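Biologist: Could you take a close look at one part of this model for me? I would love a connected walk through what its side chains are doing.

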Amino acid sequence: MKSFIQYNRPTYIRSIVTLFCILMGMLVIGQDCQSPVLYLAQKKMNEFIQKYESGKTLSYFDSVSQTPDIKKLRNCEEYTYLLLARGEALELENDFENALLQYQQLYDLSEASQWWKITTHACISMARCYEHIQQSAECLRYLMLARTMIAEHRLDTLYARFCKRYASYHRIFANKDSARVYARLSIRLGHQYGVYRSVFDGHLLMGILTTELDSAIYHFRKATEIFISNGDFHGAASQSM
């Protein structure tokens with residue numbers, strides 16, 4: 001005779017996921033997930049990444065994640081942004097295998113907890129990895145997952161980041177006209193939602209895509225100005241080379 005689990009496998013899996021989320025919620029109760037230590041750690045890691053200092057990013061994560069103040073907050077949604085930054089540092093090291101493992105872990109955790117913003121970030125980051133290793137089908141699959149979640153959960157501020165990645169996908173694998181459309185959207189929405197990195201990425205991509213020298217110079221200069229306006233002279237210098 002078959003067991004209840006065999007007859008009701010989908011219901012059983014949903015029940016396990018629900019129980020997991022309840023337990024996670026119970027663990028978070030009483031914790032100060034808005035603690036400034038998480039914000040400061042995330043800020044520091046992002047500063048390293050903006051300067052392409054991936055080694056410092058990874059070393060800092062290994063150190064700060066073991067401190068008592070951070071360890072007790074690992075069940076908070078805000079902690080997952082440290083994992084996201086760690087994944088990006090691994091990408092900068094060209095360690096796409098471990099970056100994908102980090103993002104998949106992040107995706108599974110955040111989806112089970114219904115943290116849709118970080119789930120969407122994980123999808124977009126996985127798409128970027130698959131773009132780098134030339135797996136176009138997987139790249140597109142995760143981009144479409146991200147677009148669906150942005151629409152379903154009204155994550156409008158993430159659409160700028162999606163547009164940049166979708167523009168990059170089209171530039172490499174599909175249609176350059178579509179790439180220009182989404183690069184312009186990345187710039188416009190980045191301005192609208194205050195996502196300066198999407199503005200920078202959009203200008204950089206437009207500079208690569210344009211066939212007119214004056215237009216290319218304009219977009220590369222705008223990208224450099226964004227770095228300087230945010231105090232990142234290392235990034236500005238690297239883009240001026």
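Modeller: His-219 is buried, because its relative accessible area is 10%, and the cut-off for buried is under 20%. Do keep in mind that this is a predicted model. The residue belongs to helix α13, which runs over residues 213-229. The His-219 side chain has a polar partner: a polar contact at 2.9 Å joins it to the side chain of His-203. If we set aside neighbours within four places in sequence, the residues in contact with His-219 are His-203, Met-206 and Gly-207. His-203 therefore turns up both in that contact list and, under the 3.5 Å limit for N or O pairs, as the polar partner.

Burial can also be followed along a whole helix, and α9 is a good place to do that. Helix α9 covers residues 136-152, 17 residues in total, and spans 24 Å from first C-alpha to last, close to the expected 24 Å. Its buried residues are Cys-139, Tyr-142, Leu-143, Ala-146, Met-149 and Ile-150. These lie on the same side of α9 because the arc they cover around the axis is only 125°. The general background is friendly to memory: an α-helix has 3.6 residues a turn, so residues three or four places apart point the same way. Over the buried residues of α9 lies a cover that includes α7 (96-112), α8 (116-132) and α10 (159-173). On the face turned away from the buried side, α9 carries the exposed residues Ala-137, Ala-151 and Glu-152. Just after α9, Arg-154 adopts a positive phi of about 55°.

Methods
Residues are numbered from 1 along each chain as its sequence is written. This is a predicted model: local features need pLDDT of at least 70, side-chain atom pairs count only at pLDDT 80 or more; totals for chains, interfaces and linings use all residues. Side-chain values use heavy atoms; hydrogens and water are left out. Helices (H or I, at least four residues) and strands (E, at least two) are DSSP runs, numbered from the N terminus. The expected span of a helix is 1.5 Å times one less than its number of residues. Buried means under 20% relative accessible area, exposed over 50%, partly exposed in between (1.4 Å probe, protein chains only). The arc is that of the directions from the helix axis to the C-beta atoms. Contact means heavy atoms within 4.5 Å. A polar contact is a pair of N or O atoms within 3.5 Å; within protein, one must be able to donate a hydrogen and the other to accept it, and residues adjacent in sequence count only if both atoms are side-chain atoms.
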